[in-house]
Amino acid sequence: MSSRAARRFLFLVAIATMPVPFFVLQMEWAPVLRLAFLTSLFTAVMLAEGGGTVIMMAAMGIVQTFLYAGLFFLAAGFAARWLERFASPPMRVAAIGTFAFLLIVSAQLPIYETPLSSLRARSNFWQLFD
């Protein structure tokens, strides 16, 4: 696995599963994917309706989404370069696969705090968009 492929894979798994703290109307601990989803909802409302509060919430969501995406992209790049330097190709694939597997398995537990959810305050990956 090349360093570029490893970086992309680690980045995608991280933004889909790693909980991060963010504020959009209320504090949540959820993946960047949920933050992007909520931001897109606020942006759609902002474009349709306008209003100061909605514009502020959409702007906060956009800034946080890009900030976390950038941080995860940098972290994935550092991890991929570190693995390329210190691990043989089979060990690199095993390390990346193990990391992704652990993140995906942990996302099946109710580890995300989602007070803006319509059904529950704690969610797993499959309940993030309720």
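This is a walk through the structure above, from the whole chain down to single residues.

The model is predicted, so local features are described where pLDDT is at least 70 and side-chain atom pairs count only at pLDDT 80 or more, while totals for chains, interfaces and linings use all residues. Residues are numbered from 1 along each chain as its sequence is written, and side-chain values use heavy atoms, with hydrogens and water left out. The predictor's confidence in each residue is given as pLDDT, on a scale from 0 to 100. Its mean for the protein chain is 90, and 100% of the residues reach 70 or more. Confidence is highest in α1, at 93, and lowest in strand β4 (residues 122-123), at a mean of 88.

Let us begin with the overall plan. The protein chain has four helices and four strands; these are DSSP runs numbered from the N terminus, with helices being H or I of at least four residues and strands being E of at least two. Along the sequence the pattern reads α-β-β-α-α-α-β-β. The C-alpha trace spans about 55 × 25 × 20 Å along its principal axes. Of the 130 residues in the protein chain, 37% are buried, where buried means under 20% relative accessible area, exposed over 50%, and partly exposed in between (1.4 Å probe, protein chains only). The accessible surface comes to about 7600 Å², and 74% of that surface belongs to carbon and sulfur atoms; such areas come from the Shrake-Rupley method with a 1.4 Å probe, and for residues only the protein chains shown count as cover. A contact means heavy atoms within 4.5 Å. Among contacts between residues at least 6 apart in sequence, 52% join residues at least 24 apart.

Now to helix α1. With 15 residues, α1 reaches 21 Å from its first C-alpha to its last, close to the 21 Å expected at 1.5 Å a residue; the expected span is 1.5 Å times one less than the number of residues. Its buried residues are S3, A6, L10, F11, V13, A14, I15, A16 and T17. Their cover includes α2 (32-49), α3, α4 and β3 (112-113). What does S3 touch beyond its neighbours within four places in sequence? S3 is in contact with A80, R81 and E84, and its relative accessible area of 16% is why it counts as buried.

Further along α1, A16 leads us to L33, a residue of helix α2. The C-alpha atoms of L33 and A16 are separated by 5.4 Å, although these residues are 17 apart along the chain. Leaving aside neighbours within four places in sequence, L33 is in contact with I15, A16, F125 and F129. L33 counts as partly exposed because its relative accessibility is 34%.

Between these two helices come β1 and β2. In a regular strand the side chains alternate between the two faces of the sheet. In β1 (residues 20-24), V20, F22 and V24 form the covered face, and P21 and F23 the uncovered one. Strand β1 runs antiparallel to β2 (residues 26-30), and five bridges join them; two strands pair if DSSP finds at least two bridges between them. P21 stands opposite W29 in β2, and the bridge partner of F23 is M27. The two strands form a hairpin with one residue between them. That loop holds L25, whose phi is near 70 degrees, a positive value in a residue other than glycine. L25 is partly exposed, as its relative accessible area is 47%.

Finally, consider α4 (residues 89-106), which has 18 residues and reaches 26 Å from its first C-alpha to its last, close to the 26 Å expected at 1.5 Å a residue. Which residues of α4 are buried? They are R92, I96, A100 and L103. These residues lie on the same side of α4 because they cover an arc of only 60 degrees around the axis, the arc being that of the directions from the helix axis to the C-beta atoms. An α-helix has 3.6 residues a turn, so residues three or four places apart point the same way. The buried residues of α4 pack against α1 (3-17) and α3 (52-86). On the other side of α4, P90, M91, F101 and L102 are exposed.
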